[in-house]
Amino acid sequence: MQSPFFNEDHESIRQIAREFAEKELAPIAAEVDASDHFPLETARAMAELGFLGLKIPEEYGGLGLDARSYVCVMEEIARKCATATIFISSANSLSTAPLVLSGTEEQKEQILPGVAAGERFIAFGLTEPNAGSDAASLTTKAVEDGDSYILNGRKCFITMAPIASHCIVYAKTSPEKGAKGISCFLVDMALPGVSCGRHEEKMGQRGVPVSDVLLEDVRVPKSCMVGERDLGFVNAMRTLSVGRIGIASMCLGMAQEAIELAVSHTKNRVQFGKPLCRHQAIAFMLADMETRLNAARGLVYQAAWLLDNRQPADKAASMAKLYAAEAAISIINQSLQLHGGYGYSREYEIERLYRDVRVCAIYEGSSQVQQMVISGQMLK
Amino acid sequence: MEAKTRDLWVYVETKEDGSAKSVGLELLHPGRDLADKQGGRLVAIVIGSGVEQAVSDAAAHGADQVVVVEGPEYKDYTTDAYTAAMYHLIEKYGPTTLLIGATPDGRDMGPRLACRIKTGLTADCTGLDIDPESGNVAWTRPAFGGNLMATILCPDHRPQIGTVRPGVFKKSAPVEAKAEIIREEFHVAPEQIRTELLEVIREAAGELVDLEGADIIVSGGRGVGGPEGFAPVKALADVLGATVGASRAAVDSGWISHAHQVGQTGKTVAPKLYIACGISGAIQHLAGMSGSDCIVAINKDPDAPIFDVADYGIVGNLFEVLPVLTEEIRKLKA
Amino acid sequence: MNILVCMKQVPDTTEIKINPETNTLMREGVPSIVNTFDAFALEAAARIKDKHPDSKIVVVSMGPEQAKAALKECLSIAADKAYLVSDRVFGGSDTLATSYILSNAIRKIEELEGKFDAIFCGKQAIDGDTAQVGPEIAEHLDYPQVTYALEAELDGERLRVLKEGQDGNMVIGVKTPCVVTFTKPSFDPRYPTIKRKMAANRAEIPTLTSADLPDIDAARIGLKGSPTHVKRSFVPERKKSGVKIQEETDGESAVKLVQLLGDAHVI
């Protein structure tokens with residue numbers, strides 16, 4: 001495929017990810033889903049190929065690649081195992097971006113090489129029981145005490161928490177200043193007062209450990225603050241675009257897989273004397289699915305290109321995520337419909353895709369939050 | 001090298017017990033015909049230590065002459081010793097043609113020898129004839145994983161050499177031995193043998209899978225769906241006294257060990273009956289089994305290429321077919 | 001340890017189809033790949049380098065300019081350096097002529113990269129299936145050889161090679177320098193890493209032509225220097241489809257099959 005967005009390196013990276021996904025992930029994806037467990041040796045194998053250090057700078061053991069490299073990997077991996085992409089997005093974007101952007105040299109050296117090597121996992125603790133999209137209503141507090149801060153609060157739905165060595169924690173240091181009074185901390189999960197809640201049973205993308213993180217009078221040295229005091233959330237806002245483009249890329253991969261499954265099934269399944277795909281109503285559905293997938297591709301690739309060329313990309317990233325997530329949910333729903341009764345069976349891959357894709361319109365900014373961002377830019 | 005005679009030689013490889021491997025005796029059969037057409041004798045070459053049985057085996061299968069090289073250095077096959085002995089014989093007697101069984105050792109020695117002589121070698125032949133125009137041996141062999149057959153001549157170099165796939169030719173019925181036996185003294189100094197057999201691992205993967213020698217093979221492919229899917233395949237194999245084979249897809253998925261693999265990157269087999277279960281029939285698989293006498297295919301995809309080579313094909317679910325098949329055969333055998 | 005891996009770029013024979021009308025091979029659109037068995041040889045070299053990180057792996061291929069893509073693939077997996085041997089006068093060479101050219105090229109590459117302790121090859125190429133070039137290179141260089149190897153490890157001045165045999169495996173000790181040809185091991189070759197792949201995309205691959213190999217005797221290369229000639233090639237006749245059984249139920253099909261096999265005295 002020739003594309004104005006990708007060069008030879010991007011295509012090589014896509015090829016490596018595709019081969020790995022087909023040979024190593026496709027055979028285990030159903031088992032990962034059923035057992036709710038992703039083998040850590042597979043995560044380390046992904047690290048060896050470079051998937052976990054794509055965007056981590058070279059001086060910290062990563063590859064220092066651009067957003068489009070990340071798009072290629074996320075898209076190809078998601079085709080075969082959505083769960084695996086969470087290990088990649090966590091390492092490349094959500095939990096390391098704050099450190100790469102505003103961490104101290106010491107913090108970067110301590111954390112990033114291990115993440116790139118798949119030896120260390122970092123959790124990202126923003127969401128709370130009463131604060132998701134609305135960060136200003138966070139209730140976790142960090143109170144200064146000599147050389148330390150004392151943290152108290154509860155974070156929920158925290159990806160990787162049970163296996164993480166550290167958690168990025170957002171806590172209010174100046175509660176009166178709302179979103180502009182939030183600081184970011186790198187918290188060692190082994191510190192006294194840090195504990196994980198029970199394992200969260202999820203609908204899809206199963207196999208990634210997710211739980212609450214409880215912080216009870218956790219004393220952290222001041223050197224654990226990431227970036228400046230009170231600017232934690234402001235800085236976090238600056239790293240959202242990559243994460244959103246990553247989720248949008250996942251959606252492309254899952255939708256692509258769903259379309260391939262639909263094409264294969266409707267070619268082979270004979271009803272009313274001919275293959276399903278020879279019925280025009282079915283063929284038109286396939287055409288519609290394919291068109292919307294490629295419309296989504298245009299938005300996602302364009303957003304990544306803008307980011308790589310240091311152009312404003314927030315709105316483009318939000319449009320990409322909004323459209324790709326909604327399109328993927330609908331395409332996968334249609335593919336499942338085309339599978340008929342088989343699609344409702346756990347034995348068929350489309351059933352897992354249907355559950356896996358749903359959260360893409362929810363996390364890293366729900367579709368409605370993306371609409372807020374997009375319209376906010378329009379109405380400035 | 002010039003041919004000094006019009007003789008055709010067959011290298012008769014020996015087994016550990018000193019008897020002849022089947023393939024060497026098989027080759028004496030077409031060798032007889034080619035030697036007659038070339039107007040020379042049919043000569044068997046035996047190299048080893050304690051190989052009297054192989055000598056009489058060769059004589060009993062129609063050789064006019066048997067040339068034997070014996071010595072302790074030939075106890076186990078080594079490239080260096082066997083190539084040196086063979087080269088010595090060829091230099092001394094100058095045959096016009098040499099047939100070697102395409103066994104692992106035959107294919108190890110063949111190219112080494114051909115290169116030393118600077119002559120042509122045609123590997124892994126499945127057909128032998130005399131080219132009517134030139135009188136050269138016309139060697140026919142598969143290439144491209146069995147997709148293409150090529151007939152190859154070696155017009156200007158002697159001897160013309162080919163390795164021939166085991167099982168392609170049938171042994172002739174034993175005849176009264178009348179071969180002249182020539183014992184050739186030729187020895188290779190220990191320091192000229194640059195490899196050493198350090199260890200023999202008999203039970204390589206905990207099991208020995210004799211696919212090449214099997215009369216019946218029941219194979220499973222991607223369609224068996226997982227390691228547990230081989231259970232009905234094994235059940236059928238048990239009742240038939242068959243060996244279990246597998247396609248590359250099944251082996252690569254880790255459902256069964258590579259020792260069971262049939263096809264281009266596995267074993268080439270030619271049993272009397274080959275039953276392919278859930279194997280689509282990728283070309284590289286067909287290359288390894290299409291020489292079977294009778295092929296049965298069971299696959300749910302009516303368009304699977306395996307049906308193109310099958311004598312009998314069942315379009316259906318193997319998990320439904322196999323238990324009934326096993327039960328019916330058990331009844332038949334009872 | 002200094003290891004040379006010989007590699008051939010081949011059409012992926014699993015993707016080749018037969019044109020049913022002309023009964024010829026359809027080669028168009030068939031992807032070119034690193035010969036499967038050569039990939040096993042490269043992996044064996046990489047495993048030695050894993051244990052002895054100061055080792056160097058050089059890969060060489062004889063073929064057209066396009067074979068550079070396969071050489072780059074090897075660089076992205078494990079090789080440190082790659083050379084292409086390419087010249088029109090080499091075209092049409094059979095295995096004897098090919099191994100002669102390669103053994104001359106190996107001597108030339110040794111002038112640049114140092115002497116090789118071992119030369120690893122695949123046991124055969126999946127297009128030609130001859131299994132001859134490896135042993136013939138060994139003969140040209142007067143090196144000992146081990147064929148059908150599964151694994152190899154360095155043991156002082158020699159290699160310990162696990163060799164596949166007909167009745168079980170063997171461990172062979174072989175003095176270096178030597179030639180080892182590899183068959184399919186129980187493990188899969190490693191994947192290229194992104195870092196190596198990107199470096200391979202930028203790698204310069206030197207080409208050795210006949211001008212770089214002045215010792216070559218022109219009478220021993222190409223079509224003229226090849227003792228064997230292809231008289232004709234043809235697509236083997238496929239058996240016409242046999243009996244297809246599709247009864248009401250799968251069980252009935254099975255019963256029918258047993259009946260047919262019995263009638264034909266197969267069982």
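1. Helices and strands here are DSSP runs, at least four residues long for a helix (H or I) and at least two for a strand (E), and they are numbered from the N terminus. With that in hand, B:Pro159 is easy to place: it sits in the loop between β8 (148-153) and β9 (160-164) of chain B. Bear in mind as you read on that this is a predicted model.

2. Why stop at B:Pro159? The peptide bond between B:Arg158 and B:Pro159 is cis, with omega about -10 degrees. Chain C has a cis bond to look at as well, from C:Thr176 to C:Pro177, with omega near 0 degrees. C:Pro177 is in a loop too, the one between β11 and β12 (178-182) of chain C. Most peptide bonds are trans, so these spots deserve a look.

3. Chain A has a couple of backbone oddities of another kind. A:Phe157 is not a glycine, yet its phi is positive, about 55 degrees. A:Arg310, also not a glycine, has a positive phi of about 55 degrees. Most residues other than glycine have a negative phi. Their settings differ: A:Phe157 belongs to strand β3 (residues 148-159) of chain A, while A:Arg310 is in the loop between α10 (280-308) and α11 (314-339) of chain A.

4. Are those residues buried or exposed? A:Phe157 has 21 C-beta neighbours inside 10 Å, so it counts as buried; the cut-off for that is 20 or more. A:Arg310 has 7 other C-beta atoms within 10 Å and is therefore exposed.

5. On to how the chains meet. Between chains B and C, 74 residues of chain B are in contact with 70 residues of chain C. Helix α4 (residues 104-117) of chain B gives the most to the chain B side, with eight residues. That side divides into 39 nonpolar, 17 polar and 18 charged residues. Strands pair across the chains as well: β11 (residues 195-201) of chain B and β11 (residues 169-175) of chain C run antiparallel over six bridges, and B:Ile201 has C:Asn169 as its bridge partner.

6. For chains A and C, eight residues of chain C are in contact with 11 residues of chain A. The chain C side has four nonpolar, two polar and two charged residues.

7. Inside chain C, have a look at strand β6 (residues 56-62). Six of its seven residues are buried, so the rest of the structure largely encloses it. Strand β1 (residues 2-6) of chain C pairs with β6(C) in the parallel sense over five bridges, with C:Leu4 partnered by C:Val58. Five bridges also join β6(C) to strand β7 (residues 81-85) of chain C, again parallel; there C:Val60 stands opposite C:Tyr83. From β6(C) the chain crosses to β7(C) through helix α2 (residues 67-77) of chain C, a right-handed β-α-β crossover.

8. Helix α1 (residues 36-51) of chain C passes a simple length check. Its 16 residues, at 1.5 Å each, should span 22 Å, and the end C-alpha atoms are 23 Å apart, so the two agree. Its buried residues include C:Phe37, C:Phe40, C:Leu42 and C:Ile48.

9. Lastly, domains. Chain C is divided into domain 1 (2-220) and domain 2 (241-267), with 47 Å between their centres, taken over C-alpha atoms. Chain A is assigned domain 1 (8-116), domain 2 (122-231) and domain 3 (239-378). In chain A, four residues of domain 2 are in contact with seven residues of domain 3. On the domain 2 side there are one nonpolar, three polar and no charged residues.

Technical notes
Residues numbered from 1 in each chain as written. Chains lettered and ligands numbered in written order. Predicted model: local features only at pLDDT ≥ 70, side-chain atom pairs only at ≥ 80, totals over all residues. Contact = placed C-beta atoms within 7 Å. Nonpolar A, V, L, I, M, F, W, Y, C, P; charged D, E, K, R; others polar. Expected span 1.5 Å × (residues − 1). Buried ≥ 20, exposed ≤ 12 C-beta atoms within 10 Å, placed from the backbone. Domains from an automatic or database assignment. Pairing = 2+ DSSP bridges. Right-handed = clockwise from strand over helix to strand, strands pointing away.
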